[in-house]
Amino acid sequence: MSTDRLAGETPPGQEAAPGTAEARTPDEAAGPGDAAAPEGAAAPGEEATGREEDTEAAGAEASGAEAGVAAAGAETGVPSAAAESAVPASGAETGAPASGVETADPGAANGSPASSPETGTPSAGAESAAPVSGAEAAAPGAAKGTPSSGSAKATADALAAAVRAVESGERSAASFFNDAPRPARPAAPAAQPAKAAPQGGQQGGPTGPGPEVTRQRTAQETGGPARPDGPEGGATGPAAAAAPAASGPAPAPRPAVRALPGVEGVRQVLAAGGAPETLAEQTAEVLGERAAEALSEDPWLLLQVPGVRPEQADGFARALLGPACGPGDERRAQALVGWLLEQAALAGHSALEAAALRAALAQRSVPDPDDALQAAIGDGAVLVFQDAIDEPGGRARPATGDEEEEQPVRILLGLDRFAMAEESVADGLARLLNTFEAVAEPTRDTASEEADGATADGPAADETTADGDAQVTDGDTPGESAPTTAPATDTPTDHDTAPRPARPSAAAWEAVAAAAPSPSAAELIRAAAHSGLVAHTGAEAARAEPAALIAAARSLGLRAFGATHTENGRRRLAAHLTGSTPDATATGSPDPATAAVTVSGLLSGREGPGRDADGALALDLLVVLDAPQLDLETAALLVESLTDGTRLVLSGDPGVLWSAGPGRLFADLLAARFCPQVASRTPDFGPIGELVSGIGIGELSQVEAPGKEVVIVPVRDAGEAVHRTVQLVADSVPRAFGVPADHTQVITVGHGGAAGTRALNAALKERLNPGPGRFGGFDPGDRVAYAPDPGRTVPGTVTGADAAGLHLDCDGSAVVVAREQVGTGAVRHGWALTAHQAAGARWPAAVVVLPGDATGGLTRAWVYTAFSRGERHLSVVQGADQALARAVAEVPVKERTTRLRSLLQQSVQSGEEPTAAD
């Protein structure tokens, strides 16, 4: 590893970018369980260096002030002057540390044990696929301000006490969840007006300290199910606004806003509340055709629009409702519950602990967090689950009703779509394992080898049997063709009659495994032959092993395909496939590169085999590379598209960053030990491979780089980091290695800050492609990063613009991005990316920028991902000093709260129960 300047490199001059005074320094390093920057540290629109896992919400623009949950330093695009100036920050935004829900450590609140996303199986009494009912949920509390009878008050208090008893382990979880159901509550009015404040109470805005607003909810309302039967809508349904209040005084009069239909009506309501009218189309799309009416009845529905923050929604509600608006308004509380869970999803959590959510609501000035959670649960907006807590050894103990000893559990709350996605993935993976038809074991000569010639005719007999099986079953030399009874092509023959899938014999599988290019590839082929689900781990060089499996399966007549996260990864897989079958074109076989697709292209039907008459993907074996980048919802859609008996291989590098969306599917699958696992023994060679391999085990050491494959460039501040980065990309790397600037990728920690992607892209554009930015800030020739879907970044180049939108060339494909999408941040300049955006792709050269003000975003997984993006050369612009080595050694990853591991372990346990009974 060299610290010398590359040939011709000059030290920074006076033209260096501004220093770190403009950058917001994180309060502390963001390791697992660490608190993030205080709320209010950066106003909407301020530049702040974001922590990497929080910056990638698939192009969604979130404010940097939501440390640990929202995208730090991302663009809000929503700040309303009225909302920002007229509404004081809530108690949570006066410098207090962010709550557990906003720090990726949901278990830290209220003294509860720190949560671990790798949890065990839920205890008895809770079904794996169904949440606990609202009356028996974990987060409910007493409705302190509810004008109800004394018995109702006592019931609510007892319910809140029971929840805390379960969380602390003082009470049996099974007994709590198996309590007799309470009477069902009546339907709650959807958009009830806020109550008048008590006489003498403060009439301020919702974000400041204020009196507790009386809830219009009876004690019986706490017994509703977590999944309502009908589209009640809760506090968000405008149709129920006229429903009579259950109890309490009449609501204060509210300014009447007679909304026009359609987008114009939304624009009118936004203007009345002082919000930017440019949000009208996005708001109408999110809230539906009755958006204007719904928004006028419940102003906090504005929080459902991406980029809107609670203080902005509070200002909007205050302008619309006037004195009727208060911090305890149940509509505000319910909107905040959903918003906090959405922000947690942006940070990767699929669920949160009840204690963490209560603490976050309290920080947002909600007078009674327990009551707010109970209302959200009763209305079906939030689902409740119990999850077994890991034992000290790290493995979660399965929860069974037969155990006399009670197992500690934690109570998790989650949004319906993420809960259903996790359960769908768990059920789908179990289905693939259970419906797989195993092939017979091949007859091998291991017995004769062990006998070592004990009998004269033993070895000959064994060898004859093995050869006979291969010849009789395959009808040809082993591994060359499929069995004669199965179609030898991967093209469906008739839409009316489904083609019979190929059924290679065990001997045929063994033959292709024996011919594999490496022992690890042979092991993977054997594992896929005998299991419907296989997990394969390995670094970049190990990608040749899934390619060998695909080539072997296709040679046996199976419809085998490999799917990658990016187009860049698809091209690399196609190169491996072509190398595995170099004579395919000469023999008239289909081009092996056609078996390489992207996950998005496969699911949309643009690439791959298409779908059969039943809507399932028409394939027999699917290998998904870059599996750590699979988020829950994409994985659920993918698994549901596979028919029974299909082989699925999930392959990836466990050291890289997890998906930009919620969940950690690959890590949970490995931790649950749910299926056979094959760990590659193929190392990455060269100085970069040696450096990255050491990082993977927590060691940051110097490596020998005689050809300057790895260069360390020390810098003093962010301004110097920007200057040296531009110098490397524009001059040094092209001159020393012959890699042009458009083939060099800059990677940094976040979008904001003095050395974030925005600052770096501005400096690189000025040097490499200066222009006025006449097309929404872009000029022809600009490198861009386009986010067509959540969690997916497509690199491209601007070719022009017209009334249809911005025209891009994305890896040879013409793409037109509508003007509205460009305005919402779906397209960014792409000379500099975050590590999450760069995951799944590699470039000839990479320049990794580590400014001193971004050390809070560093983890071992981040460094591993960023440093492994360069194929021939890696430059590290190092301003983090010892924080880099500490992150590699001490902060493996930013933990996420998920349920998939528990669901998979519970599935394994349920499958073993009949055997145990026998």
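1. Both faces of strand β11 are covered in this predicted model. On one side stand T744, V746 and T748, on the other Q745 and I747, and all of them are buried. Counted along the strand, five of its five residues are buried, and β11 can therefore be described as mostly covered, given that buried means under 20% relative accessible area.

2. The partners of β11 within its sheet are worth following one at a time. Strand β11 (residues 744-748) is joined to strand β18 (residues 843-850) by four bridges, and the two strands run parallel. Within this pairing, T744 stands opposite A845 of β18, while V746 has V847 as its bridge partner. Towards β17 there are three bridges, again with the strands running parallel, and here T748 of β11 is the residue whose bridge partner is T834.

3. These pairings belong to an open sheet of five strands, whose order is β10-β19-β18-β11-β17 and whose pairing is parallel. The edges are taken by β10 and β17 (832-834), each of which has a single partner strand, so that one side of each is left without a neighbour in the sheet. On average, and with direction ignored, neighbouring strands of this sheet are turned by 25 degrees against each other.

4. Which helices lie across β11 and β18? Helix α24 (residues 757-768) lies across β11, β17 and β18, and runs at about 165 degrees to β17. Helix α27 (residues 860-867) lies across β11, β18 and β19, and its direction makes an angle of about 145 degrees with β18.

5. A residue that helps to connect these elements is V729, which is found in helix α23 (residues 718-737). With a relative accessibility of 1%, V729 counts as buried, because the cut-off for that class is under 20%. Leaving aside residues up to four places away in sequence, V729 touches P734, A741, T744, V746, L764, L768 and V847. Two of these names, T744 and V746, are already familiar from one side of β11, and V847 is the bridge partner of V746 in β18. As for L764, it is 35 residues away from V729 in sequence, yet the two C-alpha atoms are 8.4 Å apart in space.

6. Is helix α21 (residues 665-672) enclosed by the rest of the structure or left open? Eight of its eight residues are buried, so α21 is largely enclosed by the rest of the structure. The buried residues are L665, F666, A667, D668, L669, L670, A671 and A672, and a reader going through them will notice that D668 is listed among them. The helix is followed by R673, a residue whose phi is positive, near 50 degrees.

7. Two further positions also combine a positive phi with a residue that is not glycine. K708, in the loop between α22 (686-696) and β10 (710-714), has a phi of about 55 degrees, and its relative accessible area of 25% makes it partly exposed. D881, in the loop between β19 (870-878) and α28 (882-890), has a phi near 55 degrees, and at 57% relative accessibility D881 counts as exposed. Both loops adjoin strands of the sheet described above, since β10 and β19 each appear in its order.

8. A separate point concerns two packed helices. In general, such a pair is described by the angle between the axes and the distance between them. For helix α12 (residues 416-434) and helix α20 (residues 632-640), the axes come within 8 Å and cross at roughly 40 degrees, and the crossing is left-handed. From α12 the contact draws on R417, F418, A421, E422, S424, V425, G428, L429 and R431, and from α20 on L632, E633, A635, A636, V639 and E640. By class, the residues of this contact divide into eight nonpolar, two polar and five charged.

9. Finally, some totals place these details within the whole protein. There are 29 helices and 19 strands, and buried residues make up 57% of the 918 residues. Among contacts between residues at least 6 apart in sequence, 76% join residues at least 24 apart. The protein exposes about 35000 Å², of which carbon and sulfur atoms supply 52%.

Notes. Residues are numbered from 1 along each chain as its sequence is written. This is a predicted model: local features need pLDDT of at least 70, side-chain atom pairs count only at pLDDT 80 or more; totals for chains, interfaces and linings use all residues. Side-chain values use heavy atoms; hydrogens and water are left out. Buried means under 20% relative accessible area, exposed over 50%, partly exposed in between (1.4 Å probe, protein chains only). Contact means heavy atoms within 4.5 Å. Accessible areas come from the Shrake-Rupley method with a 1.4 Å probe; for residues, only the protein chains shown count as cover. Axes are lines fitted to C-alpha atoms, for helices over the stretch in contact, and angles run from 0 to 180 degrees between N-to-C directions. A crossing is left-handed if the near helix is turned anticlockwise from the far one by less than a right angle, and right-handed if clockwise. Ala, Val, Leu, Ile, Met, Phe, Trp, Tyr, Cys and Pro count as nonpolar, Asp, Glu, Lys and Arg as charged, and the others, Gly among them, as polar. Two strands pair if DSSP finds at least two bridges between them.
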